[in-house]
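This report goes through one structure, from the surroundings of its ligand to its helix packing and then to some backbone details in the loops. Please keep the sequence and the 3D view at hand while reading.

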Amino acid sequence: MTEKTFFVTGCAGFIGSHVAERLLSQGHNVYGIDNLDPFYPRKVKEDNLNILYNYSRFHFEKYSLEDIRSCTWYNSNTTFDCIIHLAARAGVRPSIERPSDYIKSNILGTQEVINFAEKKQCENLLFASSSSIYGNLSTLPFSEDMEASKPISPYAYTKRTNELQLYEAHHRMGLNVCCLRFFTVFGPRQRPDLAICKFIDLIKRGQSISLYGDGSTKRDYTFVEDIVDGVLSATKFLMNGSGIYEIINLGGGKPIALSNMADLIYEKLDKAPKIEYRPMQEGDVNFTHADITKAFKLLQYQPKVSFSAGLDRYIEWLNENGQRADF
Ligand SMILES: NC(=O)c1ccc[n+]([C@@H]2O[C@H](COP(=O)([O-])OP(=O)(O)OC[C@H]3O[C@@H](n4cnc5c(N)ncnc54)[C@H](O)[C@@H]3O)[C@@H](O)[C@H]2O)c1
């Protein structure tokens with residue numbers, strides 16, 4: 001891909017920092033915003049930004065999506081080949097406690113990103129949607145043409161609403177849009193609130209872990225590098241086409257039961273299991289499993305890193321970086 005200029009929202013976060021780093025390492029220009037929200041420690045996001053500051057083609061402004069009109073680039077001559085919209089309040093469980101915060105950041109915030117695209121006359125927008133929009137559908141694997149109208153958390157309905165907001169923008173402005181539904185992403189720099197991070201930390205410290213449900217719930221885990229591959233393919237797909245509105249699953253394609261995930265971590269850390277079983281938590285879906293046929297067809301997406309290999313790489317990174325879940 002010849003040199004392009006990308007606008008990346010949420011660039012200080014887990015996935016955003018990986019996407020931005022890959023783009024920068026390929027010689028592209030990245031303009032990023034993030035409000036460094038306190039959902040998890042700011043230090044983690046500052047560390048992510050410090051990696052990106054090593055590249056002279058990286059430009060950052062600390063803004064909320066809701067205030068995007070105040071950022072320097074809103075009125076400047078800088079133009080963007082593609083907007084990669086990854087900023088959001090993430091996390092299912094906290095969204096049940098504070099739905100209004102999620103509506104503000106995710107729904108109002110995304111409308112401001114659409115307005116930004118219009119103002120900047122940017123033709124391409126890629127959006128991070130989520131497997132959670134499928135809710136508790138009983139037919140597996142989840143494919144993009146299945147019903148997605150029974151969300152079981154505010155987080156899920158904000159993401160589904162965003163897909164609809166972007167359809168309206170596609171219809172009205174001719175914006176090329178790709179909504180990528182990510183399935184549980186893991187790997188280095190992972191959000192500390194996610195189960196794998198918490199489990200590794202507790203197990204290393206000899207403490208017991210809590211499994212919600214009987215351990216049979218399954219998640220389709222996706223290694224972050226595979227997600228970045230999918231995101232970059234999707235940007236090429238958008239920039240080489242016109243009249244595009246697509247929703248595409250990006251998953252690992254091989255769901256793992258919660259109990260197997262915990263067993264594997266105990267095995268890799270060479271510790272004896274100490275598990276407390278607790279009731280399922282509100283908002284948690286039972287299973288996720290991505291049908292990735294469409295991703296392969298449109299983006300030549302094929303996940304390369306198995307759950308076990310990805311876990312090894314994540315544990316190695318944690319050992320080198322000392323990130324803890326409870327700080
Ligand atoms: N990690 C996963 O498993 C997963 C799965 C499905 C979808 N997603 C989606 O992918 C995207 C990235 O997720 P992540 O895991 O990297 O999360 P993250 O929390 O690490 O990154 C999101 C970033 O957005 C920023 N942000 C939040 N609200 C903002 C706002 N109003 N204005 C500006 N910045 C704001 C945060 O400070 C954070 O740095 C999110 O949209 C998330 O919903 C993630």
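Which helices and strands each supply at least two residues of the shell around the ligand? In this predicted model, they are helix H1, helix H5 (residues 99-119) and strand S5 (residues 124-130). H1 contributes three residues, which is the largest share of the shell. Altogether 28 residues surround the ligand, and the closest of them are Gly10, Gly13, Phe14, Ala88 and Ala128. By class, the shell divides into 13 nonpolar, nine polar and six charged residues.

Leu86 has contacts with several of these residues. Leu86 sits in the loop between strand S4 (82-85) and helix H4 (92-97), and it counts as buried because 26 C-beta neighbours lie inside 10 Å, where 20 or more are required. When neighbours within four places in sequence are left aside, Leu86 is in contact with Val8, Thr9, Gly10, Gly13, Ile15, Gly16, Val19 and Ala128. Among these partners, Gly10, Gly13 and Ala128 also belong to the closest residues around the ligand.

**Helix packing**

Two packed helices are described by the angle between their axes and the distance between the axes. For helix H1 (residues 14-25) and helix H2 (residues 42-52), the angle is about 5° and the axes are 10 Å apart. H1 is therefore roughly parallel to H2, since angles under 35 degrees count as such. On the H1 side, Ser17, Ala20, Glu21 and Leu24 take part in the contact, and they meet Asn48, Ile51 and Leu52 of H2. This contact has four nonpolar, two polar and one charged residues.

Helix H7 (residues 195-204) has a buried set consisting of Ile196, Cys197, Phe199, Ile200 and Ile203. Seen down the axis of H7, these buried residues fall within an arc of 165°, so they line one face of the helix. An α-helix has 3.6 residues a turn, so residues three or four places apart point the same way. The elements against which the buried residues of H7 pack are strand S7 (185-186), strand S8 (209-212), helix H9 (258-269) and helix H11 (307-321). Between Ile196 and the loop residue Leu86, which are 110 residues apart in sequence, the C-alpha to C-alpha separation is 21 Å.

**Backbone details**

Positive phi values occur at the residues tabulated here, two of which are not glycine.

| Residue | Phi | Place |
|---|---|---|
| Gly206 | near 75° | follows H7 |
| Gln121 | near 50° | loop between H5 and S5 |
| Asp270 | about 55° | loop between H9 and strand S13 (275-278) |

Are Gln121 and Asp270 buried or exposed? Gln121 is exposed, with 9 other C-beta atoms within 10 Å, and Asp270 is likewise exposed, with 7 other C-beta atoms within 10 Å.

A further backbone feature is the peptide bond from Leu140 to Pro141, which is cis with omega near -10°; Pro141 lies in the loop between S5 and helix H6 (154-173).

Finally, Gln302 is placed in the loop between helix H10 (293-299) and H11. Because it has 12 C-beta neighbours inside 10 Å, Gln302 counts as exposed, the limit for that class being 12 or fewer. The C-alpha atom of Gln302 is separated by 8.2 Å from that of Ile292, a residue ten places away along the chain.

Key: Residues numbered from 1 in each chain as written. Predicted model: local features only at pLDDT ≥ 70, side-chain atom pairs only at ≥ 80, totals over all residues. Axes fitted to C-alpha atoms, helices over the stretch in contact; angles between N-to-C directions. Helix = DSSP H or I, 4+ residues; strand = E, 2+ residues; numbered from the N terminus. Parallel < 35°, antiparallel > 145°, perpendicular 65-115°, else oblique. Contact = placed C-beta atoms within 7 Å. Nonpolar A, V, L, I, M, F, W, Y, C, P; charged D, E, K, R; others polar. Near = placed C-beta within 6 Å. Arc of directions from axis to C-beta.
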